[in-house]
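Colleague: Could you walk me through this model? I'd like to go over how its parts touch each other, then look at one helix.

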Amino acid sequence: MSISRRAFLLAVPAVAAAGCAGQPPLRVAVVWSGEELQRFLRVVDAYVAHSRRPVSVYSAGDNISALLRGPAENVIPDVAVIPRLGLLFDPVVRKRIQPRESGHVQPEFWRRLVTPEEGGPELGAWFKLAYKSLVWHRKGERHAPASLTAWQPRPGSVAIGAADGWVLSDWFENVLLSMAPEAYDGLFASATRGDPEWWARGEVSEALERLASLWRDAFTPEQGRRALTLQFHDSILDVFRYRTADVVAAPDFALPVIQRYAGADVAGHFRFPGDAGGPPPLVVGGDVAVAMKRGGSDALDFVEWLTRPRGNTNDALTEWVDEGGFLTPYRDPTQPLLREPALALRRSEGLRYDLSDRLIGRLEGGDGRGLWRVLTELFSDVAASTVTPRSAALAAREKIVTSLAKGAAR
Amino acid sequence: MSGSDRGNYGPNTFLFEVAPHPDAGVPVKPQGISRWRAAFYLLLAVLLSAGVTLVPLLATVIISFSEPGAWQEVLTDAGAWQAIGNMLIWWLLVVVVCAVGLGLAWLVRNAGPALGLVMRIILVLPAVVSPLTTGAVFRLLFDTSQERGMASALLGRDTPFLGPGWIWLVLGSAFVWQYAGIAFLVFHEALARLPADLLRTTRAFGVDRRGRLWSVILPALARPAALAYLFALVFAARVFDLVLMGVPGSMQALVEGGGLYWWRHNDDLGYAGAAALAVLMSLLVAALAAPALLGLHGRVTWAGSAPSTRPRTDRARWLWPLGGAVSVLWLLPFAALLITSLRDPVAAAQTGWWNGEPWTFGSYTEALTDSAFISALATTFLRAVTVVAVVLLAAVPAAYVLAHEHLLPRRTWQMVLLVAVALAALPPQAFAVPLQQVLSPIGTAPALIIVHAALVLPLAVLVLHNAFVRVSAPMLVRGRRELFHYVREARPAVVLAGAVVFVLVWNDAVVGLLLNWPSGDHLPLILLEQARHFMSAASPLAAQAVLAMVVPVLVVALTARLLYQGLTGGVRR
């Protein structure tokens with residue numbers, strides 16, 4: 001049954017006008033679509049049954065920032081589940097958020113990410129976490145390089161869904177974190193804004209160049225042009241269905257996609273390689289549930305309900321965790337492939353939060369803009385064209401620095 | 001307008017002539033309507049146009065100068081220039097659309113009524129489809145993988161059609177597929193009524209083929225060419241959802257026009273900078289529209305001659321295979337969409353539609369049991385119907401007054417109409433910023449209705465105006481009743497205006513996204529959500545697109561006869 005939700009909300013205008021609307025639904029904006037959205041709706045159904053408050057879920061996709069920043073107060077949702085941490089600190093959005101004053105205690109690493117001032121209230125609660133430093137391959141085949149420096153993929157062996165900007169930014173983050181963790185930290189030292197000066201440092205340029213060389217090795221220009229048209233799911237099909245590539249770097253939520261198109265028990269993975277002698281990188285991301293001011297106390301209740309530790313009880317969310325594609329610090333997945341990543345998240349050792357998801361302003365991602373666009377052009381230069389990795393990396397750095405300067409001038 | 005005479009309008013005279021007609025036939029100098037009443041009739045249309053387009057447009061111009069350096073920043077922004085450059089490529093596609101329309105119309109000009117009818121229906125059908133759906137279909141057809149993309153499969157190897165360079169071929173095909181039908185319709189009508197007498201006379205006087213082309217045919221085609229150009233230009237200037245759906249994220253920056261660029265970057269450009277970019281885009285569109293406005297303003301007409309029917313059977317015979325080939329090409333995208341929607345979602349994500357099995361109604365069941373989709377269907381329908389009502393309420397009295405020049409001299413009205421045409425071509429970004437601020441307090445639903453109504457109003461006024469000038473003045477009724485008489489007589493044009501408004505609002509994805517009211521209850525926005533993982537959503541997306549397409553196709557099919565009358569004269573026959 002999915003009668004609640006949007007249907008309710010959208011049928012309401014007429015009813016409301018007639019003055020006989022019941023309790024208005026709680027409006028929840030998310031970014032998922034397809035299978036993930038269906039999963040989320042199942043989780044929410046339990047809330048509707050439990051609280052008798054109708055809930056309408058709207059998938060805003062990548063337009064969620066426009067939705068939350070928009071001038072029309074009356075379409076601001078009551079609750080938003082946001083994958084871009086930076087958005088919480090956007091001056092316009094932050095004013096519209098109801099901070100969490102009570103509720104369950106979140107793990108320290110995650111709590112700090114959503115706390116603007118030390119000791120102050122948290123802006124939201126983490127719902128879904130993602131482990132972004134995995135490289136997936138077909139079961140039984142070994143491709144793991146000894147280190148990042150030793151990784152010289154032969155053309156065509158790596159699948160990259162370069163049509164999705166976040167795939168490229170995940171690559172960049174993993175390489176940067178492997179090579180220069182201090183620069184990674186410098187860019188985002190505190191929970192709020194990092195120090196943009198770090199973008200101009202040599203470490204960042206070196207990481208960009210290393211990344212560019214990797215991409216250059218992994219593709220012929222023809223294959224590179226092809227990769228520019230492939231999305232995340234397509235790159236998984238390339239490895240597990242068409243078998244045209246050997247490995248694909250993808251987060252934990254690749255597993256349900258692999259199972260859907262290639263069947264169970266066909267995949268293996270290894271950690272994204274670290275720099276020679278250094279530890280492997282561990283980039284994490286996540287979706288944070290936020291109560292907006294206009295949602296009142298019900299919104300806070302919903303956020304609390306949604307993100308609470310489930311203990312030993314089972315519901316649609318624990319089912320999601322068990323089947324894969326959803327990590328939380330409070331429960332271990334039953335999928336053997338995901339146990340190790342889940343454990344690493346729980347141990348909270350050496351985690352770094354996704355850099356591009358924290359950027360706001362001119363570098364903020366999105367198709368055709370910000371860091372996504374810079375990295376897409378870098379990919380295009382070296383993988384689909386014949387620009388040398390060095391000059392492509394310098395050009396990318398230049399674009400980043402110019403963007404920042406323009407943003408600062410405003 | 002020399003030679004145009006009310007009495008001489010044949011049954012198929014094409015509707016769109018922007019300049020008013022002189023009332024040479026029946027004297028209809030009306031006496032019954034006062035200046036006050038005429039002003040009252042114009043009130044709603046003026047309020048909508050001024051309130052939603054003109055005043056915000058002026059405000060945008062003022063805002064763009066409100067911060068020093070805003071213009072300089074936009075003019076030195078490489079991204080903005082790339083977007084402007086892309087607009088010029090889209091403009092080239094406008095020319096291609098007109099050329100294809102003209103070429104097809106020229107080829108089948110002597111084909112006889114049956115083939116003409118078939119071609120008209122098949123070629124115009126895509127114009128009813130949302131650009132989002134068009135984007136989805138062409139992305140399916142041109143997928144890189146030879147397992148899934150038909151074009152790659154025909155070549156026998158993976159070909160990055162959606163990648164650098166090739167992408168313009170895909171977008172060009174999609175744009176031509178969608179809009180060449182309108183150009184075809186305009187040219188087909190015009191060619192059917194080339195001044196045959198004049199052609200015969202010039203031939204008799206020994207003017208050669210080339211001379212006849214320059215002296216008779218081209219002048220006669222100037223006005224329809226201007227019209228077809230203007231239509232395609234409006235769609236190109238507002239191109240938005242076609243790119244969002246049809247182009248992979250990595251490629252969008254390379255092909256996006258000003259509208260999409262503005263949408264992505266208006267925050268970065270700042271308040272005044274975003275306004276400056278909007279003004280720049282408006283100027284560009286106005287400059288590109290100018291030649292068409294001159295063409296419409298010209299003195300050329302084909303109205304004097306009856307449609308020439310010279311069916312030459314020897315030519316008609318080889319025209320059928322040609323017509324068949326064009327029809328297959330034009331119907332192919334529909335077939336691909338329909339078949340994809342009926343395939344198992346997992347199979348549709350991995351193999352192309354021609355692989356067929358396994359069949360299932362699963363994607364339809366999913367869409368029809370998805371309360372969000374169904375409620376968006378209902379809300380969008382309600383919204384579109386409401387906008388039709390508002391637009392007709394505003395446009396009918398306005399067009400009536402405009403058609404009869406009660407208030408101002410004729411020349412002034414010509415100017416008003418030309419401005420209306422220019423407004424119809426402006427991208428909504430041009431006035432979005434001030435509009436957001438003014439309209440956000442009144443709530444999403446009314447705001448969307450008002451903006452939609454204002455955007456399509458000029459088109460509706462044009463359609464109605466052209467029909468009203470052909471209605472013979474009633475002998476007995478005067479005053480208020482006269483308006484009803486006009487509506488009754490010009491019923492086909494009223495239906496046409498209503499249908500055009502309905503289809504445009506139903507298919508819109510721009511206004512909702514652009515004006516930052518992504519309330520998620522508009523059908524195309526629900527479709528757009530699926531584009532996040534395009535290929536793995538192919539089957540559900542296709543099913544939703546088919547369901548979304550059914551409504552406007554039904555609207556057009558049910559009113560087809562009236563629509564055709566509306567297009568070719570606007571007056572009841």
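Colleague: How many residues of domain 1 of chain A are in contact with domain 2 of chain A?
Modeller: Keep in mind that this is a predicted model, where local features need pLDDT of at least 70, side-chain atom pairs count only at pLDDT 80 or more, and totals for chains, interfaces and linings use all residues. Residues are numbered from 1 along each chain as its sequence is written, with chains lettered from A and ligands numbered from 1 in the order in which they are written. Domain 1 is 5-123 + 287-345 and domain 2 is 131-282 + 354-409, bounds that come from an automatic or database domain assignment. Counting a contact when C-beta atoms, placed from the backbone, lie within 7 Å, domain 2 of chain A puts in 18 residues and domain 1 of chain A puts in 23.

Colleague: Which helix gives the largest share of the side of domain 1 of chain A that touches domain 2 of chain A?
Modeller: Helices here are DSSP runs (H or I, at least four residues), and strands are too (E, at least two), numbered from the N terminus. H5 (108-113) and H14 (336-347) of chain A each supply at least two residues of that side. The largest share, five residues, comes from H14(A).

Colleague: And between the chains, which element of chain A gives the most to the side that touches chain B?
Modeller: That contact takes 51 residues from chain A and 48 residues from chain B. Elements giving two or more residues to chain A's side include strand S2 (55-59), helix H3 (64-69) and helix H1 (5-17). With six residues, the one that gives the most is H1(A).

Colleague: Why are the buried residues of helix H13 of chain A on the same side?
Modeller: Buried means 20 or more other C-beta atoms within 10 Å of a residue's own, with C-beta atoms placed from the backbone (exposed is 12 or fewer, partly exposed in between). In H13(A), residues 316-323, that holds for Leu317(A), Thr318(A), Trp320(A) and Val321(A). They sit on the same side because, going by directions from the helix axis to the C-beta atoms, they cover an arc of only 155 degrees.

Colleague: What helix is included in what covers those buried residues of H13(A)?
Modeller: Moving along the chain, H13(A) is followed by Gly324(A), with a positive phi near 100 degrees. As for the cover over the buried residues, it includes residues 34-51 of chain A, that is, helix H2.

Technical notes: Contact = placed C-beta atoms within 7 Å.
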